[in-house]
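Work through the exercises below with the sequence and the model side by side. Try each task before you read its solution.

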Amino acid sequence: MHTTRLRMRGTILAALTAAVSLWPGLNPATMQAIGGQNQQPEIELVIGGDGGAPPRYAVPDFVALSPDAAEAARTISQVLWDDLAFEREFYLIPRDTYSSVPAARSAEQVPFASWRELGADAVFFGTVQRTGDTVRVQVRLFNVRTRQTVFAKEYSGTAANPRLYAHTLADEVHLQQRALRGVARTKLSFVSDRNRERLVGPIDNREVKEIYISDYDGANQRRITTTRQLNITPSWSPDARAVAYSSYRNVAPQIFISLIYQGVLENATKGIGSNYMPVFSPDGTKIAFMSNRDGNPEIYVMNRDGSNVRRLTDHPAGDGSPTWSPTGSQIAFTSDRTGTGRPQIYIINSADGSNLRRLTMNESYADRPTWSPAPFNEIAYSAGTGAWYDVKVLDLATGTVRQITFSEGSNESPAYSPNGKHLAFTSTRAGGTQVFTIGRDGRGLKQITRSGNNTMPAWSQ
Amino acid sequence: MISRRGVVAALAVLAVMAAPACSRRSKVPVPLPPQPAPTQTQPPAVPPPPPPPQVAVEDLQPSSPPLTEDSVANRSLDELNRNSPLQPAFFGTDSADLDDAGRAVVSNNVDVMKKYSQWVVTIEGHCDERGTAEYNLALGERRAVAVKTYMVSLGIGPDRVRTVSYGKEFPFDQAHSDEAWSRNRRAHFVITAK
């Protein structure tokens, strides 16, 4: 599936056109295809590995064309290596083994023979030029065997966040080489008490919790609420421009939608009852949530602007933790209708709450269902295992369950990456409660947060 | 496709706005919850019953002089809630039902509310840390609803009682012990209008 032959020049131009709308601060006028001197009419664009093994990639330091670009050049190459390693589509040759390879100062000097000796199938060559507050990044990806350029891009824009150039590069390389939607430009949101502020009020020992966002790899952690109150259960809008969450700023929690790049805040539930755990429908037009507005915790759906509230469940037990199916036609949720303190996961139609079915049959405790994106058809959840919790995944087609974590601390609140290959979750294994990411196969654990306690992660599109 | 140029500009603004508030204070070490035994495969064991609620209630109450009607009537909401005449009710593990002791506490609170007929209260439902964060929001709500239902049955107008769940977000006792957990499974009364 990765051996389609394409005309290179046309492909690069098409990719550049697509990149214009993706790139922050990028001036389309400065973009041009490079590597055009390559005159072969047809070349193999997808780099393979030996004998079907994953191709081996090398990401040497990019060349700083001016002294003040050195840090950006190093950052971009390191972050690009990390981004490519994260998806595990390629084998990334460790950067500390490159010392045997002479550094190239230009694309013409890339020592292909040395890279081949190191076992590389693919190698990047990049330059970074800095002019004031802007940088220009030129990148080529070479097939080491054929010495052909298979990917060539030039970006220019702000020098403020070099990591974003690497993230964009990683996403574009994954798309071109593996037809994979990488997650390098996605973001996480979570709840944190890291500022150790106390709530103002008559009860002294309550800690402020605010909503934070970060890059998918934990870089650039930023607070998006400043209420000095309790703010919990964030979730991303499908366009990744808004975070919905429950805020206790007016005592009874209301669902707010923060348009984080515009500084606009909308109150969707308008003071009616207590409202928790908002989740956007896949098309972004609706929000499912839990509310007590009719006297008991039930699942509701409303339009994004708070209109047209519909109740989907009606049971004296507690119904909460809604999650949408990828098409939006169904909602999975948690209910303790078989016994208080013994929640299980159920599924209903999102239109009217009909067709109720129980999904978890062999768990003592199951909560926080999170439906995977296609092509996977599975639900991750927090499962009681012993005294605490582990993340498990239920395959909806076969009914089989696989365990992702194994009782290293308590592991809760799984959230899928938009390509379904990864999960964010919380764990107590490293001190306090921290956000981690892990592959859907249980490999590739990565700690995202370290300051204070961090809970309830959500992963953007 | 969204414009990422605006994104970066807005992020920069956000970063500037957030910067002064991000200065970290001294970090308080957070103890790990007890680790489960690796070989343990049974469902969570039922812990020993909590201490009698009356004991915990006394523990929770700061020493304060007996209230007279005037002293209560003249106090601000903050003062009232700091030394509240309304006692918290406690719950068993994995339970949203008021037991006899809980009903006695709520009944006493109802008597106070009948005396001060202008008071409006919010019942906060809280949980211990052993449940998941999300389910505890529903469980805390159910605890608050149970208290409200009992108060209404004793003659308090439903419009005088609001419910809210804090799940396990605001433990009263930060310790990780049976005793702490029994104090944290509670319905806390907050007077919100008088």
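**Exercise 1: a strand residue in chain B**

Leaving aside residues up to four places away in sequence, B:V120 touches B:R160, B:T192 and B:A193, where two residues are in contact if their C-beta atoms, placed from the backbone, lie within 7 Å. The structure is a predicted model, in which local features need pLDDT of at least 70 and side-chain atom pairs count only at pLDDT 80 or more, while totals for chains, interfaces and linings use all residues. Residues are numbered from 1 along each chain as its sequence is written, and chains are lettered from A and ligands numbered from 1 in the order in which they are written.

Task: find the element that holds B:V120 and decide whether B:V120 is buried, partly exposed or exposed.

Solution: B:V120 belongs to strand β2 (residues 120-126) of chain B, where strands (E, at least two residues) and helices (H or I, at least four residues) are DSSP runs numbered from the N terminus. A residue is buried if 20 or more other C-beta atoms lie within 10 Å of its own, exposed if 12 or fewer, and partly exposed in between, with C-beta atoms placed from the backbone. B:V120 has 15 other C-beta atoms within 10 Å and is therefore partly exposed. As a further step, locate B:Y150, 30 residues apart from B:V120 along the chain, and note that their C-alpha atoms are separated by 16 Å.

**Exercise 2: backbone angles in chain A**

Task: examine the backbone at A:R147, A:K270 and A:P375, and place each residue in its loop.

Solution: Begin from the general rule that most residues other than glycine have a negative phi, and most peptide bonds are trans. Phi of A:R147 is positive, near 60 degrees, and this residue sits in the loop between β5 (134-143) and β6 (148-158) of chain A. A:K270 also has a positive phi, near 55 degrees, and lies in the loop between β13 (264-267) and β14 (275-280) of chain A. With 14 other C-beta atoms within 10 Å, A:R147 is partly exposed, and A:K270, with 15, is partly exposed. Finally, the peptide bond joining A:A374 and A:P375 is cis, with omega about 5 degrees, and A:P375 is found in the loop between β22 (366-371) and β23 (378-385) of chain A.

**Exercise 3: a hairpin**

Task: describe how β14(A) is paired and how far it is enclosed.

Solution: Four bridges join β14(A) to strand β15 (residues 286-291) of chain A, and the two run antiparallel; strands pair if DSSP finds at least two bridges between them. One of the bridge partners to trace is A:S291 in β15(A), which is matched with A:N275. The two strands form a hairpin with five residues between them, and A:G284 in the turn has a positive phi of about 80 degrees. Six of the six residues of β14(A) are buried, so this strand is largely enclosed by the rest of the structure.

**Exercise 4: two domains**

Task: say how chain A is divided and what kinds of residue domain 1 brings to the contact with domain 2.

Solution: Chain A is divided into domain 1 (8-178) and domain 2 (187-459), with bounds that come from an automatic or database domain assignment. Their centres, taken over C-alpha atoms, are separated by 37 Å. Four residues of domain 1 of chain A are in contact with six residues of domain 2 of chain A. On the domain 1 side, the touching residues divide into no nonpolar, no polar and four charged, where Asp, Glu, Lys and Arg count as charged, Ala, Val, Leu, Ile, Met, Phe, Trp, Tyr, Cys and Pro as nonpolar, and the others, Gly among them, as polar.
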